[in-house]
Amino acid sequence: MHIMEGYLPPLHCAGWFAVSSPFVVAGALKVKRIVRERPQARLTLAAAGAFAFVLSALKMPSVTGSCSHPTGTGFGAIVFGPSVMALLGTIVLLFQALLMAHGGLTTLGANVFSMAIAGPWVSWLVWRGAGRLGAGIAVSVFLGAALGDLATYAVTSVQLALAYPDPVSGFPGAVTKFGSIYAITQVPLAIAEGLLTVVVMNALSRRAGMADEIRVLAGEVA
């Protein structure tokens, strides 16, 4: 993830900005509504943003022009829904690009789509689906966070393959190549992120005043 500055062609950068922008606007409106209706949720919003910032800053080398790391977006997606993470993830990625040279401004749209949109939507859908199938909360949280992490890198592999198709096998070969390289580091990172998200969810749920709030926001109770 975090495709570096200048690595994608200009048209690709513009395209990913265009695709990502509506999701970010929708996320901003959702955050505004949450803060207006439940002001006490501000602390949980801050925790979700901080969790994503810290985890996604722990990068290690991977595919040329990119890197591997946890994403940290699963927690926020499970608690607030995926649209909120489009905004929080954009803020995280913007600060990392400006302050840490982690990612880039021209590639911000692509990075937002993979880490702040695709990953959170997968996390939320898996969380909901696992719960409806009878899985426990811990199992649902783990699967949501872990598979959301992997989805982020699957989308990044597609983004890179679109920009740099394989000279012989074209787009399918490039997706396979990028995805295979990512898998070496990302599968264990996704498992670790899933476990850590369960720990964080449990820890915050035990804090006075936050347990009921998280349960309501996550849809566990009405």
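## Contacts of Gln 186

A contact is taken here as heavy atoms within 4.5 Å. In this predicted model, and with neighbours within four places in sequence left aside, Gln 186 is in contact with Ser 68, His 69, Asp 149, Leu 150 and Tyr 153. Gln 186 belongs to helix α7, which covers residues 170–205. The residue is buried, because its relative accessible area of 1% falls under the 20% cut-off.

One of these contacts is polar: the side chains of Gln 186 and Asp 149 meet at 2.7 Å. Gln 186 also lies 7.9 Å from Pro 70, C-alpha to C-alpha, although 116 residues separate the two in sequence.

## Overall architecture

The chain contains eight helices and two strands. Read from the N terminus, the order of elements is α-α-β-β-α-α-α-α-α-α, with both strands following the second helix.

Of the 222 residues in the chain, 50% are buried. Among contacts with a separation of 6 or more, 75% join residues 24 or more positions apart. The exposed area of the chain is about 9,800 Å², of which carbon and sulfur atoms supply 73%.

## Helix α3 and the residue after it

Helix α3 spans residues 73–80 and is mostly covered, with eight of its eight residues buried. These residues are Thr 73, Gly 74, Phe 75, Gly 76, Ala 77, Ile 78, Val 79 and Phe 80. Just after α3, Gly 81 adopts a positive phi of about 100°.

## Thr 90 in helix α4

Thr 90 is located in helix α4, which comprises residues 82–100. With a relative accessibility of 16%, Thr 90 is under the 20% limit and therefore counts as buried. A polar atom of the Thr 90 side chain lies 2.6 Å from the backbone oxygen of Ala 86. In an α-helix, residues three or four places apart point the same way, because there are 3.6 residues a turn.

Apart from neighbours within four places in sequence, Thr 90 has contacts with Val 24, Met 85, Val 112 and Ala 116.

## A nonpolar surface patch

Ile 91, Leu 94, Phe 95, Leu 98, Leu 99, Met 100 and Leu 105 make up a nonpolar patch on the surface. Their combined accessible area is about 640 Å².

Met 100, one of the patch residues, is part of helix α4. Its relative accessibility is 35%, so Met 100 counts as partly exposed, between the limits of 20% and 50%. Helix α4 thus holds both the buried Thr 90 and the partly exposed Met 100.

Definitions and conventions:
Residues numbered from 1 in each chain as written. Predicted model: local features only at pLDDT ≥ 70, side-chain atom pairs only at ≥ 80, totals over all residues. Heavy atoms only, no water. Helix = DSSP H or I, 4+ residues; strand = E, 2+ residues; numbered from the N terminus. Buried < 20%, exposed > 50% of the residue type's maximum accessible area, 1.4 Å probe, protein only. Areas by Shrake-Rupley, 256 points an atom, 1.4 Å probe, with all protein chains shown as cover. Patch = residues over 30% accessible without salt bridge, like charges linked within 9 Å, V, L, I, M, F, W, Y side chains within 5 Å. Salt bridge = Lys/Arg side-chain N within 4 Å of Asp/Glu carboxyl O. Polar contact = N/O pair within 3.5 Å; in protein donor to acceptor, adjacent residues only side chain to side chain.
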